[in-house]
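Reader: I'd like to go through the side-chain pairings in this one with you. Can we start with the rings and then move on to the charges?

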Amino acid sequence: MLAPLNDIHLHRVDPALNMRRFYSLTLQPTLFGGVSVIRNWGRIGANGQVMIETFDGPDEAHRALRRLETMKKRRGYCVPGAEQLQEFKGSRVSGVEAERSS
């Protein structure tokens, strides 16, 4: 069995398209020895939709989770802190330059 994974939370934000989406992946053991991949997606701030896919073994579930994560990252989803950090750095630099010029 592979090492346990943390939940995966991804965001895709594009203000020009008014797009604020999230995608969450979680592994959860079942009562009968299988493992479920729980997918939750939708607009940030809403409950979104849920899909549960159950696998016989943990290795299959881990592969499915990694495949879904890779597919979403190819489509522009990323870890929530990454784009927020870039926005913060950009606003901070422009704010510091504004203070210096006044």
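Author: Sure, ring rule up front: rings of Phe, Tyr and Trp (its six-membered ring) pair if their centres lie within 6.5 Å, and planes under 30 degrees apart count as stacked, over 60 as edge-to-face and the rest as tilted. This is a predicted model, where local features need pLDDT of at least 70, side-chain atom pairs count only at pLDDT 80 or more, and totals for chains, interfaces and linings use all residues. Residues are numbered from 1 along each chain as its sequence is written, and side-chain values use heavy atoms, with hydrogens and water left out.

Reader: How many aromatic pairs does that rule give?

Author: A pair of aromatic rings is described by the distance of the centres and the angle of the planes. Applying the rule here, the count is two.

Reader: What kind of pair do Tyr23 and Trp41 form?

Author: Their centres are 6.3 Å apart, with 25° between the planes. Tyr23 sits in strand β2 (residues 19–29) and Trp41 in strand β3 (residues 35–43), 18 residues apart; strands are DSSP runs of E, at least two residues, and helices are runs of H or I, at least four, numbered from the N terminus. The pair is stacked.

Reader: And which residues make up the ring cluster?

Author: Tyr23 also pairs edge-to-face with Tyr77, at 6.1 Å centre to centre and 65° between the planes. That pair links strand β2 to the loop between α1 and α2 (80–101), 54 residues away. So the cluster consists of Tyr23, Trp41 and Tyr77.

Reader: Is Tyr23 buried or exposed?

Author: Buried means under 20% relative accessible area, exposed over 50%, and partly exposed in between (1.4 Å probe, protein chains only). Trp41 is partly exposed at 25%, while Tyr77 has 9% and counts as buried. Tyr23 has 5% relative accessibility, so the label is buried.

Reader: On to charges: which residues are linked in a network of salt bridges?

Author: A salt bridge is a side-chain nitrogen of Lys or Arg within 4 Å of a carboxyl oxygen of Asp or Glu. Arg66 meets Glu69 at 2.5 Å, N to O, and Lys73 bridges to Glu69 at 3.2 Å. The network links Arg66, Glu69 and Lys73.

Reader: Where do Arg66 and Glu69 lie?

Author: They are three residues apart, about one turn of the helix. Arg66 is partly exposed at 37%, whereas Glu69 is buried at 11%. Both belong to helix α1 (residues 58–74).
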